[in-house]
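Me: Please take a close look at how the two domains of this chain sit relative to each other, and work outward from there to the packing around them. I would like one connected account rather than a list.

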Amino acid sequence: MTNKSNSLTTLTLGYPRIGEKREVKKALESYWAKKISSDELYTTIEDIEKSNWQKQIDAGIDLIAVGDMSLYDHILDWTVYLGLIPSRFKSFTGLQQYFAMARGADGIPALEMTKWFDTNYHYLVPEIEADCQPCNNFQGFLNQVKRGQNILVKSANPIIISPVTLVALSRYEGSLRENVEKLLPLYQSLLEELKGYGITEIQIHEPILVTDETAEVKEATIKTYEIFNQVGLAINLVTYFEDLGNNYGWVINLPVEAISLDFTRGNNLDLLQKYGFPSDKRLGVGIVDARNVWQVNYAQVQDVLETVKTVTTNISIQPSASLQFVPLDVEREVNLPAHLRNILSFAQQKLIELKMLSTEGNGQFWQEKNDKWQSFKALAPHRPGVQEKVKGLTVEDFQRTLSYEERIKQQIKLPIFPTTTIGSFPQTKKLRRLRLNYKKGELSLQEYQEAIDKEIAECIKLQEDIGLDVLVHGEFERTDMVEFFGQRLSGFAFTDSGWVQSYGSRYVRPPIIFGDVERNEPMTIREFKIAQALTDKPVKGMLTGPVTMLNWSFPRADISRKHQAFQIALALQAEVADLQEAGALIIQMDEPAFREGLPLKTALWADYLTWAVDAFRLASAIALPVTQIHTHMCYSEFGDIIKDIEKMDADVISIENSRSNNRTLEEVTTAGYNHQIGNGVYDIHSPVVPSIQQMVKQLEEGIKNLPLQQIWVNPDCGLKTRHWNEVIPALTNMVEATKIIRQQAEK
Ligand SMILES: [Zn+2]
């Protein structure tokens, strides 16, 4: 499809929905605090929606996504549009119900939250109860479409989350097909309604098709599009985040007008060349990377487009997915060095790139971009020796000198069920103010450090009083576990306003890895020494692992993620060596994002796991046999990757275990994990102080299948989001519970 000016159609799949100044977060928080009305909340949302559309109009986009705004989460929106309300929320109505599902209320737990495919965005998992009667509750969506049509007229391109993807991501009983079929009449009526509005085309988001193929999904999908086709509304079937894999052959023959594929990840280009593409359909070419912050590499993109055109010329140019995964506008990053800023592309810049790619004759535009890449390359990414070091690594670099069985004999002797914490202690208002004052230059470095040291001293004293066995310094000098290290390494950049939504009202500013990573100076030694000097108990050295550093950043695009992880690992290795030198007998390297990095297709897991495990080993293998290496993985399920976790060869791993009711521990033990395990006995995400009995029970359950010598006792994550008046009684109870368990064990 070509439009009047003989250019390719451009299309968007969603725009960032948080507002330029994080207006949605602020409005939500004010609404929850009962400071603004629901009308004011909606006004905020609609203003942002309007300004997002205006930006896309100004950029000249032909088909503009409508329906991407959300108060909290788009999957929750569709759950509510379809009336899929679990019974525990039925006593609520309207917004109260919506937020109860999102955040819980009156002791009623919220819907579970989980990662949206392999992004760092989290959605709320719908629960479709067996006797659930779905019902049409589309008004909110239809109003969005009407507002869109008023402004965008023919360009309005409503986004619909497919029933197949929605059900596949839900918790449900019975078969996928049954559940999808329950929803089809509702969708059908929605499509009829949209047709009546005079909508040109809709986009149906079907990302489930990029995961491992199953007969169930295939069957439900074919059925769904058969029904949708009867409505006679043009459909663009949209997939993203990976290629269609074995689904390609049948998906391209579904009765739809257009199919959108991601050409920035996976092998859709190969599939296209191998199996062709039907001439009666438009191919949506997702070529502008919606998941990373780099400008289009024109030569590369041209290559892809040329290849695509040898198969079909009926194409549209679009981002690879919704732009919600990148920040809004790079122009605001005045504090980034110009040579870096010049080659970054956030949502606003990506719109321009789309337009430029869709028309011919923009040679000068791309020449200028190319020049900027060149001057960046000349200035920034390369640090002498770093890439060479990675290339020169040998097997020994990944290997501790002694086996686990041999080295634990040399490691620190502790009572059975050693008690410890995961690292951070409460980050109080006072502490945040302190950091801000320092950042603004109102405090000297010395004054700042003195204040931090006072916090460390109090924290050590407190842990001794409570009777913990292995202490931590408290991480008071750290804002965030990735940012803190990134700021002390070369190759990481930080934005001022580069927020992206993590979930609901929580946004994060991922660092950007732009060049070779190297440690400039020791990062944690000063605080470790201060803490260790104050106590005879062992203090843990605390680091963030290489895989987590990488997975929570925007990676660079010119070298592999594996090599980036190895570079970070080498930087951490130097820190491990220094901590050891400074007297640390225990070093913890946190990897909460380790599992998150798993590819969407299981066939690709082995590759990721191999280098991710290697990166951890590379960072930690320098540890002497006497040094005990810990790792920490919260909110992870391990069943399917336990063998790989074992290969990380940490001496102790601490896991979440309280929310999953010992399931995580069970998984780990049934798999025969024989190193030590930190049993996360209480949920730090809850303000509730766990009782002694509760934790005794947790521990008793937990040790049924496990030798006592293997178990540590700790909370399930860091305590930085909690208040001191929650932390002190909780840890006191934890230590008491441990004493009881020890007495039982001695009998
Ligand atoms: Zn954690």
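Reply: In this predicted model, the centres of domain 1 and domain 2, taken over C-alpha atoms, are separated by 35 Å. The contact between them takes 33 residues from domain 1 and 23 residues from domain 2. On the side of domain 1 that touches domain 2, α1 (23-32) and β3 each supply at least two residues. The largest share of that side comes from α1, with three residues. By residue class, the side of domain 1 that touches domain 2 divides into 16 nonpolar, seven polar and ten charged residues. The bounds behind these statements are 9-379 for domain 1 and 386-746 for domain 2.

A record also bears on the first of these ranges. UniProt, in an unreviewed entry, places the feature "domain: Cobalamin-independent methionine synthase MetE N-terminal" at residues 11-311. The span 11-311 is 44% helix and 14% strand, and its end C-alpha atoms lie 20 Å apart.

The chain as a whole gives the setting. It holds 27 helices and 22 strands. Its C-alpha trace spans about 75 × 60 × 50 Å along the principal axes. The radius of gyration is 27 Å, which agrees with the value near 27 Å for a compact globule because that value is the one given by 747 residues. Buried residues make up 48% of the 747 residues. Among contacts with a separation of 6 or more, 78% are between residues 24 or more positions apart.

The nonpolar packing involves both domains. In soluble globular proteins, nonpolar side chains tend to be buried together. Here the largest nonpolar core has 197 residues, and A569, I587 and A615 touch the most other members. Helix α22 (residues 561-581) gives the largest share of this core, nine residues. At least three residues of the core come from each of domain 1 (9-379) and domain 2 (386-746). For I587, leaving out residues up to four places away in sequence, the residues touched are K540, G541, L543, V576, L579, A623, T627 and I629. Another core lies apart from the largest one; it has six residues, among them V24, A27, Y31 and M69.

Within domain 1, L152 offers a local view of the packing. L152 is found in helix α5 (residues 139-152). It counts as buried because 20 other C-beta atoms lie within 10 Å, and 20 or more is the cut-off for that class. Leaving aside neighbours within four places in sequence, L152 is in contact with W53, I57, I64 and V66. One of these partners, I57, is 95 residues from L152 in sequence, yet the two are 7.7 Å apart in space, C-alpha to C-alpha.

K355 gives another view. It is found in helix α13 (residues 347-358). With 19 other C-beta atoms within 10 Å, K355 is partly exposed. Not counting residues up to four places away in sequence, K355 touches T10, A59 and G60. K355 and E666 are 311 residues apart in sequence and 53 Å apart in space, C-alpha to C-alpha.

The stretch from α4 to β3 leads back towards the domain contact, to which β3 supplies at least two residues. In α4, residues Y98, F99, A100, M101 and A102 are buried. The buried residues of α4 pack against α3 (74-81) and β4 (122-124). After α4 comes G104, with a positive phi near 80 degrees. D106 lies in the loop between α4 (94-103) and β3 (113-115). Phi of D106 is also positive, near 45 degrees, in a residue other than glycine. D106 is exposed because 7 other C-beta atoms lie within 10 Å, where 12 or fewer is the cut-off.

F417 is a further residue other than glycine with a positive phi, near 50 degrees. Its place is the loop between α16 (404-408) and α17 (429-439). F417 counts as buried because it has 21 C-beta neighbours inside 10 Å. On burial, then, the two loop residues part ways: D106 is exposed, whereas F417 is buried.

Terms used:
Residues are numbered from 1 along each chain as its sequence is written. This is a predicted model: local features need pLDDT of at least 70, side-chain atom pairs count only at pLDDT 80 or more; totals for chains, interfaces and linings use all residues. UniProt positions are given in the numbering used here, feature names are shortened, and annotations may be inferred rather than shown by experiment. Helices (H or I, at least four residues) and strands (E, at least two) are DSSP runs, numbered from the N terminus. Domain bounds come from an automatic or database domain assignment. Two residues are in contact if their C-beta atoms, placed from the backbone, lie within 7 Å. Ala, Val, Leu, Ile, Met, Phe, Trp, Tyr, Cys and Pro count as nonpolar, Asp, Glu, Lys and Arg as charged, and the others, Gly among them, as polar. The radius of gyration is taken over C-alpha atoms; the globule rule is 2.2 Å times the number of residues to the power 0.38. A nonpolar core is a set of buried Ala, Val, Leu, Ile, Met, Phe, Trp, Tyr and Cys residues joined through C-beta atoms within 7 Å.
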